[in-house]
Amino acid sequence: MYCPQSFTKQERLSDKKKIEELFETGKVFNLSPYKVIYLFDQSGQCPLRMLIAVPGKTYRKAVQRNRIRRITREAYRKNKLNLLNTIKARGNSLSMILIYTDKTILSYKEIEQKIILILQRLLSENEQSVQ
């Protein structure tokens, strides 16, 4: 049974070829503390796929990197529904990479606000790409 507020294994971007394609041809925007690389296409495997990256150079301890990933994943999971429904209705799919670029670890509320803004921007980009 698929629950829309989950983050399943199919939604995780792990295909090396797809990740390389994103870095080469994907569109980029910065919304502090994230750098977002995304690509809309027609592949129907999963409508939304995401990868969260936290640089080990900035955060040496795995505990810190994992905390940022966990908070980001939770905020995304709770707020992705509107974008998911729109992409499904249009028959598109979206692959994205979120790279955490800030030097400090933000609170959950701050990260959630930023994730909501990112999802809204991706929603407007999707509408522009269809027209």
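Lys and Arg are counted here as positive and Asp and Glu as negative, with His and the chain ends left out. On that count, the chain of this predicted model carries 25 positive and 12 negative charges, and the mean positions of the two sets lie 7 Å apart.

The overall architecture can be read along the chain, which holds 4 helices and 4 strands; starting from the N terminus, these elements follow one another in the order α-β-β-β-α-α-β-α. Taken along the principal axes, the C-alpha atoms occupy a box of roughly 40 × 30 × 30 Å. The radius of gyration of the chain is 14 Å, and because a compact globule with 131 residues would have a value near 14 Å, the two agree. Of the 131 residues, 43% are buried, while the surface that the chain exposes comes to about 7,800 Å², with carbon and sulfur atoms supplying 50% of it. Among contacts with a separation of 6 or more, 79% are made by residues 24 or more positions apart.

Helix α1, which spans residues 16-25, shows how one element is placed within this arrangement. Its buried residues are Lys18, Ile19 and Leu22. Viewed down the axis of α1, these buried residues fall within an arc of 100°, and therefore they line one face of the helix. The general background is that an α-helix has 3.6 residues a turn, so residues three or four places apart point the same way. On the face of α1 turned away from the buried side lie the exposed residues Lys16, Lys17 and Glu24. The cover over the buried residues of α1 includes three strands, namely β2, β3 (48-53) and β4 (93-100).

Within α1, isoleucine 19 can be followed in finer detail. Isoleucine 19 has a relative accessibility of 17%, and it counts as buried because the cut-off for that class is under 20%. When neighbours within four places in sequence are set aside, the contacts of isoleucine 19 are Leu13, Ser14, Leu51 and Ile97. Isoleucine 68, by comparison, is 49 residues away from isoleucine 19 in sequence, and the distance between their C-alpha atoms is 20 Å.

A further local feature belongs to the backbone. Serine 32 and proline 33 are joined by a cis peptide bond, for which omega is about 10°. Proline 33 sits in the loop that runs between β1 (27-31) and β2 (34-41), and β2 is also one of the elements that cover the buried residues of α1.

Definitions and conventions. Residues numbered from 1 in each chain as written. Predicted model: local features only at pLDDT ≥ 70, side-chain atom pairs only at ≥ 80, totals over all residues. Heavy atoms only, no water. Helix = DSSP H or I, 4+ residues; strand = E, 2+ residues; numbered from the N terminus. Rg over C-alpha atoms; globule rule 2.2 N^0.38 Å. Buried < 20%, exposed > 50% of the residue type's maximum accessible area, 1.4 Å probe, protein only. Contact = heavy atoms within 4.5 Å. Areas by Shrake-Rupley, 256 points an atom, 1.4 Å probe, with all protein chains shown as cover. Charge placed at Lys NZ, Arg CZ, Asp CG, Glu CD. Arc of directions from axis to C-beta.
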